[in-house]
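Let's walk through this model together, from the overall make-up down to single residues. Keep the viewer open as you read.

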Amino acid sequence: MTLQQEIVGNAMQMAVVNLTPGQTVYCEAGKFLFKTANVSMETRLSGPDRGRSGQADQGGGMGGMLRQAMGTAMQVGQRALAGESLAFQYFTSTGGEGTVGFAGVLPGEMRALELTGNRAWFAEKDAFVAAESTVDFGIAFQGGRTGMSGGEGFILEKFTGTGTVIICGAGNFIDLNPADFGGRIEVDTGCIVAFEEGIEYGVQRIGGLNRQGLMNAVFGGEGLSLATLEGNGRVILQSLTIEGLANALKKAQGGDKQGPTGGLFSTHAG
């Protein structure tokens with residue numbers, strides 16, 4: 001069953017989810033806003049693939065319990081390494097229909113993605129807000145060279161299964177398909193919110209090690225690299241980067257860490 005939800009608000013949106021009796025939705029810790037009294041709340045370390053009713057007890061005996069514990073520990077370890085929340089909160093409607101509200105942590109938009117089981121979705125860190133229990137949340141690690149060059153792209157959230165997943169980002173969203181632009185687009189690494197499986201993600205250097213390349217890196221504000229997205233599929237970009245927001249706030253407080261040049265000489269620690 002498709003999750004009944006509505007995205008409301010403008011500058012900082014929130015998702016209002018209506019649950020049918022017995023239906024479960026889960027969120028990353030810290031994204032919950034409100035719920036009706038007939039919706040139960042439970043916090044678990046395990047992801048939904050091990051949290052669905054009955055699965056944890058199948059497989060029998062100490063062996064099954066050990067496999068469950070090791071699987072949970074692996075999930076928690078991956079999330080800790082990625083800097084994600086260690087726990088999920090699960091909400092289930094009992095005794096009738098219920099309502100739950102969720103929101104992101106930055107001013108910006110939210111988007112509900114429908115997974116059919118054919119294509120996974122990848123998203124930037126902290127983009128995940130909430131999902132049906134039929135959607136599996138995982139961590140995807142980009143290759144070392146690509147990830148270390150791209151910064152934000154090293155660790156991605158991965159959503160598989162079927163059902164609705166709700167994501168958030170900063171500023172306004174724009175939907176693109178690289179196939180409409182010759183098969184390839186180049187993007188500031190901090191502007192990527194999410195993309196479908198089948199889109200090839202990479203990182204390229206801005207120009208060469210020449211005068212113009214150094215000018216781009218030092219004065220352009222983009223550093224040495226851009227993200228590349230190639231293929232045929234949906235891509236969601238955001239108009240505001242977290243680093244840009246952080247630097248604007250520091251500048252407003254009289255503590256501009258970028259200095260007059262920005263780019264390569266920025267002292268923003270991320």
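The chain has 5 helices and 18 strands; both are DSSP runs numbered from the N terminus, with at least four residues (H or I) for a helix and at least two (E) for a strand. This is a predicted model, in which local features need pLDDT of at least 70 and side-chain atom pairs count only at pLDDT 80 or more, while totals for chains, interfaces and linings use all residues. Residues are numbered from 1 along each chain as its sequence is written, and side-chain values use heavy atoms, with hydrogens and water left out.

How confident is the prediction? The pLDDT, the predictor's confidence in each residue from 0 to 100, averages 79 over the chain, and 69% of the residues score at least 70. Two stretches call for caution. Over residues 143-153 pLDDT stays under 50, and the model has 17 contacts beyond four places in sequence for them, a contact meaning heavy atoms within 4.5 Å. Residues 259-270 also stay under 50, with 23 such contacts.

Of the 270 residues in the chain, 43% are buried. Here buried means under 20% relative accessible area, exposed means over 50%, and partly exposed lies in between (1.4 Å probe, protein chains only). Among contacts with a separation of 6 or more, 79% join residues 24 or more positions apart.

Now turn to the sheets. One open sheet has 4 strands in the order S1-S2-S7-S4, with antiparallel pairing; two strands pair if DSSP finds at least two bridges between them. Strand S1 (4-8) and strand S4 (32-35) stand at its edges with a single partner strand each, so one side of each has no neighbour in the sheet. On average, neighbouring strands here are turned by 20° against each other, direction ignored, where axes are lines fitted to C-alpha atoms (for helices over the stretch in contact) and angles run from 0 to 180 degrees between N-to-C directions. S1 and strand S2 (residues 14-19) are joined in the antiparallel sense over 5 bridges, and the bridge partner of Glu 6 in S2 is Val 16.

Another open sheet holds 3 strands in the order S14-S17-S16, again with antiparallel pairing. Its edge strands are S14 (184-187) and S16 (200-205), each pairing on one side only. The average turn between neighbouring strands of this sheet is 30°, direction ignored. S16 and strand S17 (residues 225-230) pair over 6 bridges in the antiparallel sense, and Tyr 201 has Leu 229 as its bridge partner in S17.

Glu 230 also lies in strand S17. Its C-alpha is 6.7 Å from that of Tyr 201, although the two are 29 residues apart in sequence. Beyond four places in sequence, Glu 230 touches Pro 178, Gly 183, Arg 184, Gly 198, Ile 199 and Glu 200. At 28% relative accessibility, Glu 230 is partly exposed.

What lies inside? A nonpolar core is a set of buried Ala, Val, Leu, Ile, Met, Phe, Trp, Tyr and Cys residues joined through side-chain atoms within 4.5 Å. The largest one has 21 residues, of which Tyr 26, Phe 128, Phe 159, Val 165 and Ile 167 touch the most other members. At least two residues each come from several strands, including S6, S8 (110-116), S10 (128-132) and S12 (155-168). S12 supplies the largest share, 4 residues. Contacts of Val 165 beyond four places in sequence include Leu 113, Leu 115, Phe 128 and Phe 159. Apart from this core lies another, of 15 residues, among them Val 39, Phe 91, Ala 130 and Ile 166.

A few single residues round off the tour. Ser 93 lies in strand S6 (residues 88-93) and is buried at 2% relative accessibility. Among the residues Ser 93 touches beyond four places in sequence are Leu 19, Gly 22, Asn 38 and Val 39.

Most residues other than glycine have a negative phi. Asp 126 has a positive phi of about 70° although it is not a glycine. Asp 126 sits in the loop between S9 and S10 and is partly exposed, with a relative accessible area of 36%.

Finally, the cysteines: the structure holds 0 disulfides, a disulfide being a pair of cysteine sulfur atoms within 2.5 Å. Cys 27 is buried at 0% relative accessible area, and Cys 191 counts as buried at 16%.
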